[in-house]
Structure formats: C-alpha cells, structure tokens
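Please find below a colleague's note on the model you sent round. It is meant to be read with the sequence and coordinates open.

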Amino acid sequence: MAWPVFTGTIEKEARAASRYTKKHGSCIYEDALKTEIERGRVLTENDSFVAIAPFASRFAGESMVLPKRHITYLGDTNKKERGDLADILKLVLKTNKEMFGDIAYNFSFHDTKYSPKLHMHLEIYPRILNLAGVELGQNVFVNTLPPEDYAEGFRLKVISVKN
Ligand SMILES: [Zn+2]
C-alpha cells in the first residue's frame, strides 16, 4: 500500500530528522548507524546497504535496511543499489528462515520525495508472536528477543546461508 499523502510515522520521522540536521549538521540515521555498529547490532552489509537489528526493536527479529549513502526516496536508487537491496533483503529473509522457520512478515518502506533529511529505510517485522493485551491496550511492546541477541544469532546463521 502506498500513501498519496505525507503523514503518520514518515512525517514524524522526517520532522525529527530535519530538526536533528539543523541542530547537529548531520544525518540522524547515519549517526545512529554508527552507534548500531558500535553496539553489535549489524546483521549484514554489502556495497550499498546495511541491515541492522535496531535499538529498542518492538518485535522479535525486527530489522531495518538502510542505504549507505543518503537517499530519501527509493526511486533515487541506481541500478547497482537496487540489486544490492534485493541481495540484502534475500539474505535477511533466508537467514531469518533458518532462525525462525517459515513465518509471515510485514514490510514498511520509509521514504519520501518531500523531505531531503529523511534517510530512506526498510523496516521488516517478522510475525513470530501475536500481539497481546499490553501491546494492543497500552501500545507497549514486549520483545522477547533483544536486538543484540538477534544480531548475534543472525551472524552465526548467515555464514551457513552464504555457503
Ligand atoms: Zn542520511
């Protein structure tokens, strides 16, 4: 589903990214990626993209795929980057299958033509567990698989998937 308007989470992220850039002069996503690398939450990477298990993941096995260069809109990727995106997505899903079996997913592209400060990314939500009362009633997410543990398990499995 694609939205014809700029609203919801994407709008909030774009506004926050714009405020951050005004204050710090850099991209919030690129700065956050440095922290994700330092904290061991990188799943895998290739020439153009990095896949991470983001800080404060809401769901077990949640991941985020970001381009290494600042791109705001999927349509602004070049042919090499689109191939690299397909490759890293395939690797993430194959490795997740090794870890979790055949599961359903939700994917959400966070990109826009209307905010030059939003660093486009793809969020991947494995549907391993059903949402319970605390998530539905209080909008509080209980993640039984910390992102650091997911990333460590992923890196052990990804070796066997590549071979
Ligand atoms: Zn950026």
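The numbered points go from the whole chain to its parts.

1. Overall make-up. This is a predicted model. The protein chain holds five helices and five strands, and in sequence order these follow the pattern α-α-β-β-β-α-β-β-α-α.

2. Dimensions. For 163 residues, a compact globule would have a radius of gyration near 15 Å, and the 16 Å of the protein chain agrees with that. Along the principal axes, the C-alpha atoms fill a box of roughly 40 × 40 × 30 Å.

3. Burial and contact range. Buried residues make up 26% of the 163 in the protein chain. If one takes the contacts between residues at least 6 apart in sequence, 66% of them join residues at least 24 apart.

4. Helix 2, inner face. Helix 2 covers residues 28–38, and its buried residues are Tyr 29, Leu 33 and Glu 36. Viewed down the helix axis, these buried residues fall within an arc of 60°, so they line one face of helix 2. They pack against four strands: strand 1 (42–45), strand 2 (49–52), strand 3 (63–67) and strand 5 (121–126).

5. Helix 2, outer side and end. Lys 34, Thr 35 and Glu 38 are exposed on the other side of helix 2. After the helix comes Gly 40, which has a positive phi, near 75°.

6. The hairpin. Strand 1 and strand 2 make a hairpin, with three residues between them. The two strands run antiparallel and are joined by three bridges. Val 42 is placed opposite Ile 52 of strand 2.

7. Pairing of strand 5. Strand 5 has antiparallel pairings with strand 3, over three bridges, and with strand 4 (residues 105–110), over six bridges. On the strand 3 side, Ser 63 has Ile 124 of strand 5 as its bridge partner. In the pairing with strand 4, His 110 is bridged to His 121 of strand 5.

8. The largest nonpolar core. In soluble globular proteins, nonpolar side chains tend to be buried together. Here the largest nonpolar core has 18 residues, of which Leu 43, Ala 51, Val 65, Leu 66 and Phe 154 touch the most other members. Two or more residues each come from helix 2, strand 2, strand 3, helix 3 (79–100) and helix 5 (147–162). Helix 5 gives the largest share of this core, four residues.

9. Surroundings of Ala 51. Which residues does Ala 51 touch, leaving aside those up to four places away in sequence? The contacts of Ala 51 are Leu 43, Thr 44, Glu 45, Ser 63, Val 65, Ile 88 and Val 92. Ala 51 is also one of the core residues that touch the most other members.

10. The loop at Ala 56. Is Ala 56, in contrast, buried or exposed? Ala 56 sits in the loop between strand 2 and strand 3. It has 9 other C-beta atoms within 10 Å, and a residue with 12 or fewer counts as exposed, so Ala 56 is exposed. Ala 56 and Asn 143 lie 87 residues apart in sequence, while their C-alpha atoms are 8.6 Å apart in space.

Key. Residues are numbered from 1 along each chain as its sequence is written. This is a predicted model: local features need pLDDT of at least 70, side-chain atom pairs count only at pLDDT 80 or more; totals for chains, interfaces and linings use all residues. A residue is buried if 20 or more other C-beta atoms lie within 10 Å of its own, exposed if 12 or fewer, and partly exposed in between; C-beta atoms are placed from the backbone. The arc is that of the directions from the helix axis to the C-beta atoms. Two residues are in contact if their C-beta atoms, placed from the backbone, lie within 7 Å. Two strands pair if DSSP finds at least two bridges between them. The radius of gyration is taken over C-alpha atoms; the globule rule is 2.2 Å times the number of residues to the power 0.38. A nonpolar core is a set of buried Ala, Val, Leu, Ile, Met, Phe, Trp, Tyr and Cys residues joined through C-beta atoms within 7 Å.
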